[in-house]
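Here's a friendly tour for anyone meeting this protein for the very first time. Have a look around, then read on.

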Amino acid sequence: MRDVISVIVPVYNVAAYLPQALDSILTQDYEKLEIILIDDGSRDDSGAICDRYAAGDPRVRVIHQKNGGAAAAKNAGLRAATGEFLSFVDSDDYLEPGVYGYMAALLKSEAADVVQFAHRDVYQNRREDRVLHTGRTQVDVRTYLKRFPSDWTCALLWNKLYRRSLFDGILFEEGHRIDDEFFTYQGIMNAKKILVDDKIIYNYRRRASSAMNAPKAGEQLMLDRVDFMLKRRDKIAARFPDLAPFYDQSLMEAFLYLSQYPDNTPATLARLKRELKKYLKNPKTTRPPKYLWLPMGKLLFTGTKKLLTHCNPRADDGDRDEYFA
């Protein structure tokens with residue numbers, strides 16, 4: 001539907017935060033919204049809250065499904081979406097007032113395919129603005145893709161407004177703790193014009209119980225990081241062969257960085273070693289620069305127990321009492 005923004009909101013056990021998220025969407029200054037709520041088998045009152053909002057506003061649709069994880073919920077939303085534009089909002093976060101009108105006007109007036117904005121981290125007793133890029137800049141797809149390895153905001157779903165057609169035939173890869181990193185770049189590859197603007201549009205609620213902070217999640221997150229980096233490198237190199245050397249080098253640098261990560265286990269280090277060996281044996285990959293040879297040799301030939309003792313200690317992420325439940 002022309003000019004309509006399809007807003008995809010995956011929902012799972014967030015009854016305490018869901019009303020604020022939905023109110024922040026429904027009170028926007030942009031009326032042409034298609035709000036798709038996917039209740040992913042919630043066991044609290046989230047499903048009932050979704051139904052109540054749908055009964056009160058015709059722009060809201062609810063999909064109730066068996067719990068399948070965040071990626072499965074977002075895929076259900078993608079399949080149901082009909083709008084010209086696409087936005088994602090996590091159900092425990094909330095939008096700033098009056099941002100959809102600004103976002104849509106900018107995307108249309110500049111004939112862009114994607115517009116990226118800034119966000120704010122919200123803690124119990126404080127807020128932290130995350131404005132990494134000041135002003136407004138136009139970026140071509142190759143330049144933007146080269147930002148991915150070093151700029152974590154590129155992969156975020158919810159800090160952008162997209163033309164939905166960018167994701168035709170593209171779905172989230174299910175079964176991971178990380179979703180955005182497997183998905184966002186695939187739509188970006190189809191873009192021709194990308195804008196980066198410094199307006200804060202989104203409030204990201206820092207929660208101790210989020211997927212990224214959940215107990216015992218470290219090993220799976222590490223394996224997911226290795227997996228998405230390999231797949232991203234292969235898919236981008238296939239579409240943009242001139243970027244292959246850049247992604248080869250950034251992949252090796254990332255592997256070495258990950259080998260020092262506090263969440264490593266014998267399984268994750270074994271995976272890093274295995275993928276590094278495959279990379280070095282592949283005649284189609286770029287020869288690593290000399291400064292990487294010594295650290296790569298150390299990773300390959302140092303025993304797992306010793307490597308684990310050299311992993312960096314977990315950084316102090318602040319007072320955990322600052323985090324929402």
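## Before we start

Strands here are DSSP runs of E at least two residues long, and they are numbered from the N terminus, as helices are. That's how labels such as β6 come about. One more thing to know: this is a predicted model.

## The big picture

The protein has 11 helices and 10 strands. Line the protein up along its principal axes and its C-alpha atoms fill a box of roughly 65 × 40 × 35 Å. Does the overall spread agree or disagree with a compact globule? It agrees, because a compact globule of 325 residues would have a radius of gyration near 20 Å, and the protein has 21 Å.

What about inside and outside? Of the 325 residues, 54% count as buried. The protein exposes about 15,100 Å², with carbon and sulfur atoms supplying 51% of that. Take the contacts between residues at least 6 apart in sequence, and 80% of them join residues at least 24 apart.

## A closed space inside

Rolling a probe the size of a water molecule over the atoms shows where empty space is left. Here the count comes to 1 cavity of 30 Å³ or more. About 80 Å³ of space lies in the largest cavity.

Which strand gives the most to the lining of the largest cavity? That's β6, with 4 residues. Both β6 (114-122) and β10 (194-205) supply at least two residues each. Among the lining residues are Gln116, Phe117, Ala118 and His119, along with Val196, Asp197 and Asp198. Arg130, Leu132, His133, Thr153 and Asn159 line the cavity too. By class, the lining is a mix of 4 nonpolar, 5 polar and 3 charged residues.

## An open pocket

Next comes the second largest pocket, with about 190 Å³ of space. The elements giving two or more residues to its lining are α8 (244-258), α10 (293-301) and α11 (304-309). The largest share, 3 residues, comes from α10.

If you'd like to find the pocket in the model, look for Leu256, Tyr257, Pro295, Lys298, Leu299 and Lys306, which are among its lining residues. The whole lining splits into 5 nonpolar, 4 polar and 2 charged residues.

## Arginine 163 and its surroundings

Arginine 163 lies in strand β9 (residues 160-163). Is arginine 163 buried or exposed? Its relative accessibility is 18%, so arginine 163 counts as buried, the cut-off being under 20%. Not counting residues up to four places away in sequence, it touches Glu84, Phe85, Leu107, Lys108, Ala111, Ala112 and Asp113. Arginine 320, on the other hand, is 38 Å away from arginine 163, C-alpha to C-alpha, and 157 residues along in sequence.

One of those contacts, Leu107, is a buried residue of helix α4 (residues 99-109). The other buried residues of α4 are Val99, Tyr100, Gly101, Met103, Ala104 and Leu106. Just after α4, alanine 111 takes a positive phi of about 50°.

## Aspartate 90 in its loop

Aspartate 90 has its place in the loop between β4 (85-88) and β5 (94-95). With a relative accessible area of 22%, aspartate 90 is partly exposed.

How far is the C-alpha atom of aspartate 90 from that of valine 9? The two are separated by 5.7 Å, though they sit 81 residues apart along the chain. Leaving aside neighbours within four places in sequence, aspartate 90 is in contact with Pro10, Ala21, Trp158 and Tyr202.

Conventions. Residues numbered from 1 in each chain as written. Predicted model: local features only at pLDDT ≥ 70, side-chain atom pairs only at ≥ 80, totals over all residues. Heavy atoms only, no water. 1 Å grid on protein atoms, 1.4 Å probe; cavity = no way out; pocket = protein on both sides within 12 Å on 5 of 7 lines; lining within 4 Å. Points joined across faces, edges and corners; volume = space filled by probe spheres on them. Nonpolar A, V, L, I, M, F, W, Y, C, P; charged D, E, K, R; others polar. Rg over C-alpha atoms; globule rule 2.2 N^0.38 Å. Buried < 20%, exposed > 50% of the residue type's maximum accessible area, 1.4 Å probe, protein only. Contact = heavy atoms within 4.5 Å. Areas by Shrake-Rupley, 256 points an atom, 1.4 Å probe, with all protein chains shown as cover.
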